[in-house]
Amino acid sequence: MKILGMISGTSHDGIDVALVDFGLDGDVLTGRVLHTASTPYPDELRARLVAALPPAPVTLAEVCVLDTLIGQCFAEAAAAAAEQAGPADLIVSHGQTVFHWVEGAHARGTLQIGQPAWIAERTGAPVLSDVRIRDITAGGHGAPLVSVLDDLLLGGLLSDGRTGGTGGTGGAAALNLGGISNMTVVRDGGLSAYDIGPANALVDAVVSGRGLNPRGYDEDGRIAASGQVDERLLDVLLDEPYYRLAAPKSTGKELFHLAYVEAAIARAGREPSGPDLVATLTELTVRTVAADVAAAGVDVLVVSGGGCRNPIIMDGLRAALPGVRVSLSDELGAPADDKEAIAFALIGWLTAHGLPGTVPGGTGAKAARVLGTLTPGAGPLVLPAPLPTPPRSLVLRR
């Protein structure tokens, strides 16, 4: 079954797609990654989206307009993938998160926009969307949903004895460094997953807000490398109560945004230069992630997401975690830049076969749930026969 996974993450810079051909061999799910691509948002649309994100006020009229414009962008990205790699049997669109409502330790709601009917109309394929909310209704955080992919990939890694670390107590962790950092820990006793904190979100906000790079991010960590960490400001940032909450937990740009950084600067009584500020926020990512990985006691850390291309972050993690083997998810067949899109393709396969797309230990839900809302394509909606049990592991190849 060929499934196209699509997502624009918390960096809200564009749309990642992955077309995966799934097949079942006994209790092992196989996936051949046929095509991956990334389509940037038009500059005007990205600026309009950024202007509408929290803590900015926004009208329902603007939400409606963005829902349409983003849906049309997703539709064009899906059509381009079909033209290059052939049609999909099912398209899964995560859309664009614009608000994730969390109160204390509980998620109350979540909103992803990018109207899926535009995708169905443009491609003729059925579309699965709105994939997070069902987990929230079951008491979960609706995040990190990538934990269902991590469970299958890392479970296979552990069963094959391919961990090879030296300092942990066993198990492996998958780390995604997008706008927000999240981690899935898998060991024989089960799985846990949660959002750690900002990965690129605060750095991107400062780079854009201060005009340090017209591309809106710290390419190859060059800005951070030219600055010095402000330890006083770092201490203020590390005092964030979110870091002390017990897992499962989730967060987003509702908390970690440019005004948050400016408030921390005021509390610290500092006026850092742009490079010093970026260096400090990059070190914040390294410190918060390394602390949680060390506390998990794993032997292996498998990294994906845009932050894995930042040598300052990766070198910092390796230095802070000398007993942990740090590698990229490419080693498991999931290209580091495309892993989330592959995860949503997997969720589509699970939903199509009547299987849950969540792991309760990963989101905090009371039980696993089948995810998403289906929009029919050009023809009748026909799904495969439901499967009685989920696959034991997943093997990806290109």
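Q: Why is Glu231 called partly exposed?
A: Its relative accessible area is 41%. Buried means under 20%, exposed means over 50%, and partly exposed is in between (1.4 Å probe, protein chains only). So 41% puts Glu231 in the middle class. The model is predicted: local features need pLDDT of at least 70, side-chain atom pairs count only at pLDDT 80 or more, and totals for chains, interfaces and linings use all residues. Residues are numbered from 1 along each chain as its sequence is written, and side-chain values use heavy atoms, with hydrogens and water left out.

Q: What makes Arg287 and Glu231 a salt bridge?
A: Their closest N and O atoms are 3.6 Å apart. The term asks for a side-chain nitrogen of Lys or Arg within 4 Å of a carboxyl oxygen of Asp or Glu. The pair therefore qualifies. Arg287 sits in helix α10 and Glu231 in helix α8 (residues 231–238), 56 residues apart, so distant parts of the chain are linked. Helices are DSSP runs of H or I with at least four residues, strands are runs of E with at least two, and both are numbered from the N terminus. Arg287 is partly exposed, at 33% relative accessibility. Glu283 joins Glu231 and Arg287 in a network of salt bridges.

Q: How do you know that Arg48 and Glu62 form a salt bridge, and which of the structure's parts does the pair link?
A: The N to O distance is 2.6 Å, which meets the salt-bridge cut-off. Arg48 belongs to helix α1 and Glu62 to helix α2, 14 residues apart. The two ends fall into separate classes: Arg48 is partly exposed at 32%, whereas Glu62 is buried at 18%.

Q: Why is Glu331 called exposed?
A: Its relative accessible area is 55%, so it passes the upper limit. Its salt-bridge partner is Arg325, with the closest N and O atoms 3.5 Å apart. Arg325 counts as partly exposed, at 29%. The structure holds 13 salt bridges.

Q: Why is helix α6 said to be largely enclosed?
A: Seven of its nine residues (201–209) are buried. They are Ala201, Leu202, Val203, Asp204, Ala205, Val206 and Val207. The cover includes β8 (180–187), β9 (190–198), α7 (222–225), α9 (258–268) and α10 (274–296). Just after α6, Gly211 takes a positive phi of about 65°.

Q: Why is Asn310 called buried?
A: Its relative accessibility is 9%, so it falls under the lower limit. Asn310 is in the loop between β10 (300–304) and α11 (311–320). Beyond its neighbours within four places in sequence, Asn310 is in contact (heavy atoms within 4.5 Å) with Asp218 and Gly221. A polar atom of its side chain lies 2.9 Å from the backbone nitrogen of Ile312.

Q: Why does Gly95 count as buried?
A: At 3% relative accessible area, Gly95 is classed as buried. Gly95 lies in strand β4. Neighbours within four places aside, Gly95 is in contact with Met6, Ile7, Ser8, Phe74 and Ile113.

Q: What makes Phe99, Trp101 and Leu111 a nonpolar patch?
A: Patch members have over 30% relative accessible area and no salt bridge; like charges are joined within 9 Å, and nonpolar side chains (Val, Leu, Ile, Met, Phe, Trp, Tyr) within 5 Å. Phe99, at 36%, clears the accessibility limit. Phe99 is in strand β4 (residues 90–103). Together the three have about 280 Å² of accessible area (Shrake-Rupley method, 1.4 Å probe, only the protein chains shown as cover).

Q: What makes a set of residues a nonpolar core, and which members of the largest one touch the most others?
A: A core is a set of buried Ala, Val, Leu, Ile, Met, Phe, Trp, Tyr and Cys residues joined through side-chain atoms within 4.5 Å. The largest has 43 residues; Phe22, Leu149, Leu154, Ile342, Leu346 and Leu394 touch the most other members. Helix α12 (residues 339–352) gives the most to this core, with 10 residues. Apart from it lies another core of 26 residues, among them Leu4, Ala52, Ala120 and Ala125.

Q: What is notable about the phi of Asp130 and of Asp220?
A: Asp130 is not a glycine, yet its phi is positive, near 50°. Asp220 is not a glycine either, and its phi is about 60°. Asp130 lies in the loop between β6 (127–129) and α4; Asp220 is in the loop between α6 and α7.

Key:
A polar contact is a pair of N or O atoms within 3.5 Å; within protein, one must be able to donate a hydrogen and the other to accept it, and residues adjacent in sequence count only if both atoms are side-chain atoms.
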